[in-house]
Amino acid sequence: MAEKYYKTEDIPLEPKELRKLKQGFFVIPIFLLIFVGFFVFLFNMLNPKDGFFFWMPVGFAVFFAGLMGYIIWGFVMDLRTHSKQVFQGLITKKELKRHSGKSSSRSYYLLFGEKRMRVELHIFNKFEEGDLIEIHRSKRLYNMIYQTKLLKRDAAMQAVAEVKHQQLNKQQMTGFILIFLFVAIVATFVASVFFGWIDW
């Protein structure tokens with residue numbers, strides 16, 4: 001089903017896009033200096049004898065170092081290959097998810113059949129369900145988007161309706177299965193009590 005609603009292709013970066021990628025890459029040393037400086041200062045104040053209060057920052061430092069390593073690798077590979085991914089897809093649904101907690105946040109998704117893509121708010125608001133769109137993005141770096149295009153407005157609203165109908169059927173089937181399991185469990189329990197298989 002997914003192939004019906006989107007396709008991808010790798011093509012060379014345009015000169016302005018290559019400049020944008022290089023500018024982003026040159027910002028990394030600043031973050032690395034801040035990262036190293038912060039943890040050098042922090043570890044000078046801590047002692048391994050502090051136990052959890054020492055190893056928790058160590059774990060965070062290792063995780064952050066791994067994340068930075070992955071980002072640097074993504075930049076290097078994109079710069080080496082001078083390529084990007086062109087994504088063309090039919091938006092079958094838009095989703096907004098709220099995350100509760102100390103500071104509530106929101107995530108924005110465009111769905112292309114079964115394919116879900118997380119995007120920034122301005123891209124989420126730019127397009128509507130049924131639009132055929134094109135997104136030029138990095139193959140490896142999350143949210144490094146060079147340009148977005150609307151290819152056709154309301155390109156296939158029938159396809160959108162079909163996807164929504166299929167999702168509704170899945171939800172109804174899931175609800176039916178849950179109700180059936182609940183009834184089966186209750187019936188088994190009542191039968192077990194009635195026939196004396198368990199004491200109640």
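Trainee: Buried or exposed: how does K94 count?
Mentor: The relative accessibility of K94 is 19%. Buried means under 20% relative accessible area, exposed over 50%, and partly exposed in between, with a 1.4 Å probe and protein chains only. K94 therefore counts as buried.

Trainee: What should I know about this model, and what pLDDT does the chain average?
Mentor: This is a predicted model, where local features need pLDDT of at least 70 and side-chain atom pairs count only at pLDDT 80 or more, while totals for chains, interfaces and linings use all residues. Residues are numbered from 1 along each chain as its sequence is written, and side-chain values use heavy atoms, leaving out hydrogens and water. pLDDT is the predictor's confidence in each residue, from 0 to 100. Of the residues, 81% score at least 70, and the chain averages a pLDDT of 81.

Trainee: Which residue does K94 meet in a salt bridge?
Mentor: A salt bridge is a side-chain nitrogen of Lys or Arg within 4 Å of a carboxyl oxygen of Asp or Glu. For K94 the N to O value is 3.9 Å. The pair links distant parts of the chain, 34 residues apart, with K94 in strand 3 and its partner in the loop between helix 4 and strand 6. That partner is E128.

Trainee: Which strands stand at the edges of the open sheet, and why is one side of each left without a neighbour?
Mentor: Strands (E, at least two residues) and helices (H or I, at least four) are DSSP runs, numbered from the N terminus, and two strands pair if DSSP finds at least two bridges between them. The sheet has the order 3-4-5 with antiparallel pairing. Each edge strand has a single partner strand, so one side of each has no neighbour in the sheet. Those edges are strand 3 (93-99) and strand 5 (115-119).

Trainee: What is the bridge partner of L96 in strand 4?
Mentor: Strand 3 and strand 4 (residues 105-112) pair in the antiparallel sense over 7 bridges. The partner of L96 in strand 4 is Y108.

Trainee: Which residue is D131's salt-bridge partner?
Mentor: D131 is buried, with a relative accessible area of 0%, whereas its partner is partly exposed at 41%. D131 is in the loop between helix 4 and strand 6, and the partner, 22 residues apart, is in the loop between strand 7 and helix 5. At 2.4 Å, N to O, the side chain that D131 meets is that of R153.
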